[in-house]
Amino acid sequence: MDQPKKFYLTTPIYYANSRPHVGSAYTTIVCDVIARYKRMCGFDVVYLTGTDEHGVNIERAAEKQGITPQQLVDKNEKIFRELWKLLGITNTAFIRTTEPRHARAVQNLVRRTCERDKALEPSQRAIYKAKYEGRYCIYDNLYVSDTPEPADCQICGRPGELVSEENYFFRLSAFQQKLLDLYAKNPQYVHPDFRFNEVKSFVESGLKDISISRKSIKWGIPWPDDPEHVFYVWYDALTSYMSGIGYGSDDPKDRAEFERFWPADIHAMGKEIIRFHAVYWPAFLMAAGIELPKQIIAHGWLLFEQEKMSKSKGNVAYAEPIVKVLGNDALRYYLLRDVVFGQDGNFSREALITRYNADLANGLGNLANRTLTMINDYLEGSFPPVDQPSVTQPGSLLMEKARDAIQQANAANEKFEFNRALEVTWALISEVDQYLSIQRPWAEAKKPGTKLLLAATLYAAAETIRCICVLAHPVIPDATQRIWEQLGQAGKIEDARIDQLKWGELKSGTKIGKPEGVFPRIDKKEALERVEIMENEIRNPGSTQPDESTTMTKKPAEGTSTGTSAAGAAAIPAGAPGAGTSVGGVAPAASGAGAAAGTAPAVPAKIGIEDFAKVELRVGVVKSAEKVAGADKLLKVMVDIGDEVRQVLAGIAPSYAPEELVGRKVVVVTNLAPRKMRGVESNGMLLAASAGPDGKAVLCTFAEEIPAGAKVK
């Protein structure tokens, strides 16, 4: 049996002087998406990340905290590992630059280079000793100038520190033409193209030799045979890409791993360190006679408040609170969908929650849940034999759209166009929504002799959802695995071959699992408050948090009213029915409906216009309606509110048959927190009046033409 193709990719080795923020998480998530995608294409993937734990910044940060450098990096390294676990990162290797195996690798690399240098004249040798005097930025590990005159760092703008001492140098100037030849022979060596042009311009302008050791710093790897010097920054950190997979090891197993997986297929990083990876690193390897990595890819900055995230500026967002409030998939999806890889992108918590509700909750989550529920209700939870793959012409058209989406999404992933791959996939979700709206399986289910047609309709929808889950899995692994299981698919979705994905492989007779929601709608205000509390705890450990009752939206007590219209008409709630209520969990407007006998009716409290203005009312058009299993009064209503279709539960079954609601214009309260009744989530409230002695619900509607989504004032 042939050995699977290998694929080796790396994140940058993160500096361990403080905890990572969302910007660090972005790089790692992108690499995880690539790793998962390549595994689903049949590759044997090694995915390396790690921590850079040497240098003056570590020394100073440790001194400030009153601990040793080793204690500091031990503490921070754990934070990185725990965050990657929380984010579902599937790295297969982790390297710390303080590990003995890494020190051996760095010393091995310089010895190998010096051994090759022996055949050269001293003036041509790659490594030599000389005095260095100039300005250096300790924050970006960058030589600012070769003179003692004050100068600011080109990247962060801070003043460079004066450095004057004897160092070992690397003769980078001798590699200018070799690097330009490398770039000419490998037009995809750096991605994206405009970053590659920046690298080529830098090299064409002339290269200066660089210091690769320090005597003034003690926290580092000793230089072989000259322990007064320690390796400095890039020669040390970059070598981790090899030490992490066995370079320099005496163990035959480690050496075999290095021989199989080196060179790296991809080094991924932020744009600010591309020069060190695309210029310094290949030059170091050329000098040592080691094969070069195949490709360098760089993303832009993740901007927060219109500036690059920076701990020193205090404008950072942390990943942990977002994941704990919204889930791992939410952050991954937002970053890959809203940020074009290679360009700078804006990070906004508000935009993240909006994207979550629109695309995950109302998009994939809602589609999967209602399709599976219909299969469960109308087909006894399994597919009867169907004339594969489609009985209807619309089903055939959906199949063609799915095939096109598979091809386009995979092509986009190969070009690192992750946002495009997701756009194509979510467009397919919209196609399935439209298909179901046209086919109306809930109406067909009531007609005799239509089971075969109904099965074909729902088969086409479910099979397309299966394909969507495979395409989306590298980005949203948690939810897609859950939907995969609900579709009755065996094993792990990660074992499905994304490069061989075909429509029509959902087998007849498949028994689906219990339909369960995977993306509950999130109240934006509540979520933002919870995230802020958690971030404050990260920035100020041990600080007193506000009481949860003051920051989180509470559910009404059992049996209490959850909303009325301005005229006193009862509102149809999105939450659980209250005890003794008659319309969707809300007591009728009549004052005696929920009052104890002989008790004087309470005088309603007055509210100000500012309170009423908090309620968002919009025109909705009912797209479909069906009864909720096990509930006599509840209907599940899909309502178009202009920019999305909402699922709302309403206690109006005694007053309206589901089919007579389709096409009706209604008034929807759209900014209520999601709630559940009978295990089904509701995301809004319909306004209705309560008429007659029986409290019959009469929906509020419009006599004139008005579009879905229009605001009601």
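Buried here means under 20% relative accessible area. By that yardstick, helix α18 (residues 477–486) is mostly covered, with 7 of its 10 residues buried. Keep in mind that this is a predicted model.

Which residues of α18 are buried? They are Pro 477, Ala 479, Thr 480, Gln 481, Ile 483, Trp 484 and Gln 486. The cover over them includes α1 (22–40), α12 (328–338), α13 (349–378) and α17. Just past the end of α18, Gly 488 takes a positive phi of about 80°.

Helix α17 turns up again in the packing. The largest nonpolar core has 110 residues, and the members that touch the most others are Leu 87, Leu 331, Leu 335 and Phe 347. Helix α17 (residues 451–472) supplies the largest share of this core, 14 residues. Setting aside residues up to four places away in sequence, Leu 87 touches Ala 25, Ile 29, Ala 319, Val 323, Asn 328, Leu 331 and Arg 332. There's also a second, separate core: 77 residues, among them Ala 103, Val 144, Leu 238 and Tyr 247. As a rule, nonpolar side chains in soluble globular proteins tend to be buried together.

Now for some strands. β4 has two antiparallel pairings to look at:

| Pairing | Bridges | Residues standing opposite |
|---|---|---|
| β4 (residues 127–137) and β6 (residues 161–170) | 10 bridges | Tyr 128 and Phe 169 |
| β4 and β5 (residues 142–145) | 3 bridges | Tyr 136 and Tyr 143 |

In the table, Tyr 128 belongs with β4's pairing to β6, where Phe 169 sits, while Tyr 143 lies in β5. The hairpin of β4 and β5 has 4 residues between the strands, and Asn 141 takes a positive phi near 50° there.

Finally, take a look at Ser 213, which lies in strand β9 (residues 213–214). Is Ser 213 buried or exposed? Ser 213 counts as buried because its relative accessible area is 0%, against a cut-off of under 20%. What does its side chain meet in the way of polar contacts? The side chain of Ser 213 makes one with the side chain of His 229, at 3.0 Å. Leaving out neighbours within four places in sequence, Ser 213 is in contact with Glu 165, Asn 167, Tyr 168, Trp 223, His 229, Val 230, Phe 231 and Tyr 232. So His 229 appears both as the polar partner of Ser 213 and in the list of its contacts, around a residue that is buried at 0% relative accessible area.

Methods:
Residues numbered from 1 in each chain as written. Predicted model: local features only at pLDDT ≥ 70, side-chain atom pairs only at ≥ 80, totals over all residues. Heavy atoms only, no water. Core = buried A, V, L, I, M, F, W, Y, C linked by side-chain atoms within 4.5 Å. Buried < 20%, exposed > 50% of the residue type's maximum accessible area, 1.4 Å probe, protein only. Helix = DSSP H or I, 4+ residues; strand = E, 2+ residues; numbered from the N terminus. Contact = heavy atoms within 4.5 Å. Pairing = 2+ DSSP bridges. Polar contact = N/O pair within 3.5 Å; in protein donor to acceptor, adjacent residues only side chain to side chain.
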